[in-house]
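Reader: I'd like to go through some of the labels on this model and hear what backs each one up. Can you take me through them?

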Amino acid sequence: MISTRTIYYVAAAALTLAACSKKKEEAPGGGSAAGSAAGTGTGGGSGSATEAALPALAPVDEAGARKVVDAWLAAQNGGDFAGYQALYADKMEGIKRVGARTWRFDRPGWLADRQKMFARPMTVAARDVKVGGSAAAPTIELVQSFKQGRFADEGPKRLVLTKGAGGLQIAREEMVRSVVGGPVALGADPIALVVEVDGHHHVVISGDASDAWGTGPISGPFQGTHKYALRAASKAPVAADWAGRALAVYTADGRQCAAAVGTLRLLGGGTPHFGEVQEWDGDPSISPDGRVWSQPERARAVYAMGELYLIGELAITGDCVPAYATAATAQAVAGTIAPDDAARTAAAVAAFRRLPAYVELQKSFADDFEGKGPWAPSPTVRAYQVGARRYLVVTASEGSGCGDFEGRLAAVFADDAGALTLVSNPADGFVRVDALVDGDGDGQVELIGAVADFSAVTSHFTPVAGGFAPTTTVTFPFNDCGC
């Protein structure tokens, strides 16, 4: 269960879920941030101002951001802890991942943990460094390789910077994924993804969209898992192919409804750093002139936070809230919710607590945090029927992190007449499981859900050796500090 940013065109055979709210961001002084743009497809709703009429965005200090990366690498490879800690802002959040374990720290907790790391020589390298974000919160995405003694891992890392008295400093650092021993091969995707924006569900057509396909103003921001912004996409090369296309959508419990694709839009979004929001609100500590950004300016900033998706609004026949979808003629086998069975639930919890990843968390809970009793006193068990086979999904999420204990674990067991077989790899990391499906009818179960990495909204996971890996993912930048 490993997260990846995927660029793809959806085949006509499949789709998936996004857990977003319908709440709109309120404009300064009240009122709707977006009007009815999502429902009408006009691309408006945030005023009649054009992009050309908006003030120019301040450029990102790419050279300064790359200097931070260079200093960050040099401090670690040189064992310079004083230089390392000087790179971090007074308010920051650090997310550490090693296999299945996730730790979430505030600045004191992060530096205390890192100081232990500096006790021994290490080798840290970065490749594929990309700088983006905004002038107020530059972002850096890179692939980090780490070696210390016999331990080595590699994975994508994300840094969010903020302006301090001495220049740019790190306000958020997240190891998005830690792969110990090498990458996981990805399979083909028979399912396409579905996202909800401002109360309307859309099929994700492409994760490699271009703003050149857009027409009209940008609308938003809309509030969901992240902040979102939309733009009409009538110039998309596949617009004619997708107009009116018939699909089948499925709820999380396996009910099916017919649907058709309507207006195409470009979707951008992310969670901005609180310093960016302060600037938008005219906070004098961030914005020298105290100017409050207009809704079109905020929508443009949200739209530009990450890569764009091409999406198509769904007209759904029936009362289905879609978790995923397929082409109307596809032969997907939807997972339905199976009746509760107390004996099987107890057996699943017992098997869950025997997992090495669970035992490791229990040891940390007791030894590092002086916890009493089981770290997960009441795991959640949900049974699914997928074709002729039953599956039990067991999950537990406890603690808040930020220096305190945080334990998250998920496991999927096949249940063959009471004999449980682990089919996922819990050590790959926690995944929120929203639905089960056999999208291509090959008898192998697939998952709809998301890795708990703050950025991912929804993914389609397909079987690989020893577990599952995401074939497609909808993900947006998360730049804020939660601690």
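Author: What follows is a short round of questions on salt bridges, exposure and one polar contact. This is a predicted model, where local features need pLDDT of at least 70, side-chain atom pairs count only at pLDDT 80 or more, and totals for chains, interfaces and linings use all residues. Residues are numbered from 1 along each chain as its sequence is written, and side-chain values use heavy atoms, with hydrogens and water left out.

Reader: Why is the pair R291 and E297 called a salt bridge?

Author: A salt bridge needs a side-chain nitrogen of Lys or Arg within 4 Å of a carboxyl oxygen of Asp or Glu. For R291 and E297 the closest N and O atoms are 2.9 Å apart, so the pair qualifies.

Reader: What makes E297 buried?

Author: Buried means under 20% relative accessible area, exposed means over 50%, and partly exposed is in between (1.4 Å probe, protein chains only). E297 comes out at 4%, so it counts as buried. Its partner R291 has 34% and is therefore partly exposed.

Reader: And why is D319 called exposed?

Author: D319 has a relative accessible area of 58%, so exposed is the right label. D319 also pairs with R255, closest N and O atoms 3.2 Å apart.

Reader: How do you know that the side chain of Q169 makes a polar contact with A86?

Author: The cut-off is a pair of N or O atoms within 3.5 Å; within protein, one must be able to donate a hydrogen and the other to accept it, and residues adjacent in sequence count only if both atoms are side-chain atoms. The side chain of Q169 reaches the backbone oxygen of A86 at 3.2 Å, so the distance fits.
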